[in-house]
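Colleague: I've got this one open and would like to learn how to read it feature by feature. Could you walk me through it?

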Amino acid sequence: MCGIVGYAGENNAAPILLDGLEKLEYRGYDSAGLATIGKSGIDIIKAKGRLAALKERTENGKLMQGTVGLGHTRWATHGKPSDENSHPHTGGNGRVAIVHNGIIENYNEIKEMLKNRGRSFYSETDTEVAAQLIDYCYKGNILEAVAEAVREMRGSYALGVMCSEEPETLIAVKCRAPLIVAYTENGNMFASDVTAVLKYTKEITYLDDDEIAVITKTDAEFYTPFLDKLSKKRELTKLDVSAADKGGFEHYMLKEITEQPEAVRRTTEKFIKNSRVDLSEVLPEAFARKIGKIFIVACGSSYHVGMAAKYNIEKLARTPTEVVYASEFRYSDPLVDKASLVILISQSGETADTLEALREAKRLGAETLSVVNVKGSSIAKASEHVIYTKAGPEIAVATTKAYSAQLAVMALIALYLADLRGTVSSEEYSVIVSELEALPEKLERIIKNRADIQYPAYRYFNNEKLFFIGRNTDYALSLEGSLKLKEISYMHSEAYAAGELKHGTISLIEEGTPVIAVVTCRRLAEKTVSNASEVRARGARVMTVTAESMRSLVEHESDDVITVPDTHEALMPSVSVVPLQLFAYYIALYRGCDIDKPRNLAKSVTVE
Ligand code: G6P
C-alpha cells in the first residue's frame with residue numbers, strides 16, 4: 001500500500017526512481033509522482049492511474065533534471081485518486097516536498113493549528129499537512145525541521161522529504177510503516193522494500209520505528225526524533241535481483257504459482273531433522289506442552305490459512321483453537337491469558353490490523369508467535385517468536401506462494417504440538433512428516449500439468465457468479481479459492497460450508513451456475529458429493545477438485561473433475577489449493593483482467 005523510493009547520487013534520479021516504483025507496483029496504487037531537485041528548485045510531475053501514465057508524462061524520466069529525488073505510488077486514503085491528491089506534496093510554496101505512506105492520525109488538529117497561523121491548503125490529504133508542518137518547523141536545517149514535525153505527528157507512516165534549500169540531502173522517517181536504506185555504487189537510496197533497490201545493490205540498513213535517516217550521495221546517518229545519533233548496521237540481503245522480475249512468465253502470479261514447490265521446500269527443510277519436526281528454537285517445548293488455547297489472528301488469505309490450520313491443530317494436537325480476523329480481535333475483548341499462544345500470520349509483516357492485534361495480545365500477557373514472509377518487518381520485530389516463510393518476494397497482489405509456505409508452517413506447528421502433547425500416534429506422525437517432505441514434488445506435478453485446469457477454466461470464464469463448497473479443511477480451501485477468483489477476475493463468487501448451502505444460498509443456483517466442490521477429506525466425501533447432487537438437480541454445473549484415489553467417489557456427480565496427488569488429509573489443502581489458484585488465474589486471463597494489479601487492492605495494507 002503506497003510505495004516510496006528516494007535517490008541521492010551521481011546519476012539522473014528520475015529514471016532510477018521510476019524503475020524502483022515499478023518494483024513496488026505490487027503494493028497496490030492508483031496514482032504516482034516524482035520530485036527532483038533541479039537548478040530552479042523542486043520539480044514535481046504526477047499522474048493519476050498506472051505508472052505508465054507518469055512515464056509518458058516524464059518521457060521515462062528524461063524531462064526531469066537532478067540527481068536527488070523522491071518517487072511515490074499512492075493508494076488513496078484521504079482524498080480520491082487524482083493528479084492533485086497524488087504525491088509528492090509540498091509545503092511553503094514548494095520549498096519542501098514529501099512522499100508519504102500510511103496515515104497521520106492527528107492531521108486535522110495540525111491542519112487547524114497551521115491554518116490559524118496563516119497556512120492554506122490545496123489538497124485533501126494528510127500528506128500535505130505533514131509537508132506544511134515540516135516547512136513550518138524549518139529554520140535552516142531540514143533534519144531539525146523533520147524531527148520537530150515527527151514529534152508532533154501521530155499515526156503510522158513512512159516519509160521521504162526534500163528541501164530546495166538543502167538540495168544534496170534527503171530525509172527518510174520510519175514510524176510503523178516499512179522503510180529501508182540502501183547503498184549503491186553511485187549514491188544512496190531508501191525505499192519501502194528491498195525489491196526496489198535490488199537492481200543496484202544488496203547492501204541494506206533496516207530502519208526501526210521512530211528512526212530518521214539523513215541521506216546524501218556519499219553518506220547515510222541515523223537519528224532519533226530527539227536528534228540523538230544512532231549507529232545502524234549494514235546487512236547484505238540474500239535476495240537476488242531475479243526475485244523481482246517475471247523470469248519469462250506473462251504474469252508474476254503465474255511465476256509465483258510455479259515457485260511454490262521451492263517456497264515450501266525452503267520453508268520446511270530447516271525444521272525437519274531426521275524425520276522429526278523440531279520447532280523448539282521458535283516455540284520452547286515447556287511452553288508448547290502447557291498451551292491452554294491457541295488464537296490464530298490474520299487477514300485475507302492469511303486468515304484462510306488459519307482456518308485450515310485450526311482443523312489440523314484441533315484434530316492432531318487436540319488444542320482448542322480460535323481463528324479471528326485481526327480487525328476484530330482487538331475489539332472483541334478476547335479471552336486471552338498467559339496460557340494462550342497467539343499466532344499472527346502475515347505475508348507482508350506490515351498489515352496494520354495484524355500488527356495492532358499482536359500488540360493487544362502482548363498486552364494481555366499471551367505468548368506470541370508470528371509467521372511472516374518479510375524479514376525485518378514490523379510484525380516479525382514485535383513478536384516474541386518468529387517463523388519465517390521462505391517464499392521470497394511476492395509481487396503479484398494475489399498471494400500464492402506465501403500462502404502455501406504459511407500452510408506448510410502451520411502443518412509443522414500442528415505436528416510439533418501433537419508430538420509434544422502425545423496426541424498423535426507414531427505411525428501417523430511419520431506418515432505426515434514424510435508427506436511433508438514429499439509435498440514439493442507433488443506440487444511440481446500439478447504445476448507441470450496446469451493445462452488440465454486451463455481447459456475447464458475456459459468453459460467457466462463467461463459466467464457472472466460461481467460457488468465453492470467444501471467441508472472442514474475443504475471449506476477453508478473453498479474460502480481461499482473463492483477469494484482468489486474474486487480478487488483477480490472480478491467474477492462474483494461465494495464459498496459455503498457444503499452443508500450450509502441449502503439454508504438459503506441454494507436459491508441462487510440456476511441453470512448453468514458453476515459450483516466448484518472441493519472434496520479431499522475422504523471421510524466427508526459422501527456428504528459433499530450429496531450436496532453436489534443437490535445443486536446439480538437444480539441445474540448447476542459442478543466441477544470437483546479431489547484426490548487421484550477418490551475420483552471414482554465423485555465422478556457420478558461432477559461435470560468436470562480435477563485431480564491432485566494423494567497425501568495425508570492434513571496436507572490436502574496444500575496440494576488442492578494449486579488448481580484453485582490456477583483456475584482463478586486462467587479465468588482472469590480469459591476475462592482480460594490486470595492479473596498482477598487488480599483494481600482497488602493493495603498487497604500490504606498498512607491502514608486499519
Ligand atoms: C491484503 C492482500 C491479501 C492478503 C491480506 C493480508 O488484503 O491483498 O492478499 O492476504 O492483505 O496480508 P498479510 O500481508 O498480512 O498476509
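**Starting from one histidine**

Modeller: Sure, let's start from a single residue: His100 sits in strand β6. Keep in mind that this is a predicted model.

Colleague: Okay. Is His100 buried or exposed?

Modeller: Read that from the relative accessible area. His100 comes out at 1%, so it counts as buried, the cut-off being under 20%.

Colleague: And which residues is His100 in contact with, leaving aside its neighbours within four places in sequence?

Modeller: Here you look for heavy atoms within 4.5 Å. His100 then has Cys2, Ile4, His72, His87, Asp126, Thr127, Tyr157, Ala158 and Leu159 as its contacts. As for C-alpha distances, take His100 and Glu128: they are 28 residues apart along the chain, and their C-alpha atoms are separated by 9.4 Å.

Colleague: His87 is on that contact list. What kind of peptide bond joins His87 and Pro88?

Modeller: For that you check omega. At about -5°, the bond between His87 and Pro88 is cis. Pro88 itself belongs to the loop between β4 (68-74) and β5.

Colleague: What about backbone phi? Which residues have a positive value although they are not glycines?

Modeller: Two cases to look at. Asn93 has a phi of about 55°, and Asn600 one of about 70°. Asn93 is found in the loop between β5 and β6, while Asn600 is in the segment after α19. On the accessibility scale, Asn93 reaches 87% and so counts as exposed; Asn600, with 64%, is exposed too.

Colleague: Let's move on to charges. How should I read the salt bridges?

Modeller: The general idea is simple: side chains of opposite charge can pair when their charged atoms come close. Searching the whole structure turns up 46 salt bridges. One of them pairs Glu25 with Lys597, with 3.8 Å between the closest N and O atoms.

Colleague: Why does that pair tie together parts that are 572 residues apart in sequence?

Modeller: Because of where the two partners lie: Glu25 is in the loop between α1 (13-24) and β2 (31-38), and Lys597 is in the segment after α19 (572-590). Glu25 and Lys597 are both buried.

Colleague: Which residue does Glu165 form a salt bridge with?

Modeller: Arg95, at 3.5 Å between the closest N and O atoms. This pair also links distant parts of the chain, 70 residues apart: Glu165 is in the loop between β7 (155-163) and β8 (170-175), and Arg95 is in the loop between β5 (89-91) and β6 (96-104). For accessibility, Glu165 is at 48%, so it counts as partly exposed. Arg95, at 22%, also counts as partly exposed.

Colleague: How far apart are N and O in the salt bridge between Asp560 and Arg459?

Modeller: The distance is 2.4 Å. Asp560 is in strand β27 (residues 560-564) and Arg459 in helix α15 (residues 451-460), so to speak two distant parts of the chain, 101 residues apart. Asp560 is buried, with a relative accessible area of 7%, whereas Arg459 is partly exposed at 46%.

Colleague: Which residues do salt bridges that share partners join into one network?

Modeller: Arg95, Arg119, Asp135 and Glu165. To read such a network, follow the shared partners from one bridge to the next.

Colleague: Now zoom out. How many helices and strands does the chain have?

Modeller: There are 19 helices and 27 strands. For overall compactness, compare the radius of gyration with the globule rule: the chain has 25 Å, close to the 25 Å the rule gives for 608 residues, so it is as compact as a globular protein of that length. The C-alpha trace spans about 75 × 55 × 45 Å along its principal axes.

Colleague: And what do the contacts and the surface say?

Modeller: Among contacts with a separation of 6 or more, 72% are between residues 24 or more positions apart. Of the 608 residues, 62% count as buried. The chain exposes about 22,700 Å², with carbon and sulfur atoms supplying 46% of that area.

Colleague: Last one: how far apart are the mean positions of the positive and negative charges?

Modeller: They are 1 Å apart, taken over 73 positive and 84 negative charges.

Definitions and conventions. Residues numbered from 1 in each chain as written. Predicted model: local features only at pLDDT ≥ 70, side-chain atom pairs only at ≥ 80, totals over all residues. Heavy atoms only, no water. Helix = DSSP H or I, 4+ residues; strand = E, 2+ residues; numbered from the N terminus. Rg over C-alpha atoms; globule rule 2.2 N^0.38 Å. Buried < 20%, exposed > 50% of the residue type's maximum accessible area, 1.4 Å probe, protein only. Areas by Shrake-Rupley, 256 points an atom, 1.4 Å probe, with all protein chains shown as cover. Lys, Arg positive; Asp, Glu negative; His and termini not counted. Charge placed at Lys NZ, Arg CZ, Asp CG, Glu CD. Salt bridge = Lys/Arg side-chain N within 4 Å of Asp/Glu carboxyl O.
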